[in-house]
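User: Please take a close look at one part of this model, the nonpolar patch on its surface, and then set it beside other side chains that help to place it in context.

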Amino acid sequence: MLARRLVQLYLGLTLYGVSTALLLRAELGLEPWGVLNQGVSELTGLTVGTVSILIGALVLLLWIPLRQRPGLGTVSNVFAIGLTMDATLSLVPEADALTVRWPLLLAGLVLNGAASGLYIAAGFGAGPRDGLMTGLHSRTGRSIRSMRTAIEVVVVLTGFLLGGTVGVGTLLYALAIGPLVQFFLRLFTPATPLSPASPQSPASPEEAAAVATAPLCSVDPRGAILRP
């Protein structure tokens, strides 16, 4: 059981990095944190994967005053996604034709949903951005939806002002990621719930929000995934 969950965790994180790289290559708009990562990358000259790691580490520091507890999935999320993202970008060339960019966008979107379902269902703890959202929810009493909206608006605007790409892909991601994560969570979550003693929560802000607002599952005050 543990071995299967570990494989599921790292496969999901790896595929998430690949999916984000495909969205970048599509150049039709990114998910909120991708916009910020790209914007900071444009400003600093660092690779997008490196920026993702650094921002993830900085967000993780905010867990301290929010009293969130990291798990194996938390630390793995910080490094695995960024490293995989850079590796994929080095292998996938830039595309000019829309006939190539649209398939890249759609493939990245579906793969992102599948990757999210994999590592969220593995149950090894929240990603750093999820912990920020659920931590603010716990500390302020505001709903997870409102915390998600506030965080992502700030993230998108900041990333856009720094040069990140906002476009049709950003809108499509916002509309489609919830249903996709619902579907893949149902597919990958074991029939027997994981132990309550092991913290479980989504591993990236976008997926956490999708999970929190989906009828398939919800998030309890500790950030754990619950299934009806």
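Analyst: Trp-102 lies in helix H6, which in this predicted model spans residues 98-122. With a relative accessibility of 33%, Trp-102 counts as partly exposed, because that class covers the range between under 20%, which is buried, and over 50%, which is exposed. Together with Leu-98, Leu-106 and Val-168, Trp-102 makes a nonpolar surface patch of about 340 Å², and helix H6 contributes the largest share of this patch, namely three residues.

Thr-74, a residue of helix H5 (residues 72-91), is buried, with a relative accessible area of 0%. Leaving aside residues up to four places away in sequence, Thr-74 touches Leu-60 and Trp-63, and also Phe-124, Gly-125, Ala-126, Gly-127 and Pro-128. A polar atom of the Thr-74 side chain also lies 2.9 Å from the backbone nitrogen of Gly-71.

A charged pair completes the picture, since the structure holds one salt bridge, in which the side chains of Glu-152 and Arg-148 meet at 3.4 Å, N to O. Both residues belong to helix H8 (residues 144-161), and because they are four residues apart there, about one helical turn separates Glu-152 from Arg-148. Glu-152 has a relative accessible area of 10% and is therefore buried, whereas Trp-102 in the patch is partly exposed at 33%.

How values were computed: Residues are numbered from 1 along each chain as its sequence is written. This is a predicted model: local features need pLDDT of at least 70, side-chain atom pairs count only at pLDDT 80 or more; totals for chains, interfaces and linings use all residues. Side-chain values use heavy atoms; hydrogens and water are left out. Helices (H or I, at least four residues) and strands (E, at least two) are DSSP runs, numbered from the N terminus. Buried means under 20% relative accessible area, exposed over 50%, partly exposed in between (1.4 Å probe, protein chains only). A polar contact is a pair of N or O atoms within 3.5 Å; within protein, one must be able to donate a hydrogen and the other to accept it, and residues adjacent in sequence count only if both atoms are side-chain atoms. Contact means heavy atoms within 4.5 Å. Patches are made of residues with over 30% relative accessible area and no salt bridge: like charges are joined within 9 Å, nonpolar side chains (Val, Leu, Ile, Met, Phe, Trp, Tyr) within 5 Å. Accessible areas come from the Shrake-Rupley method with a 1.4 Å probe; for residues, only the protein chains shown count as cover. A salt bridge is a side-chain nitrogen of Lys or Arg within 4 Å of a carboxyl oxygen of Asp or Glu.
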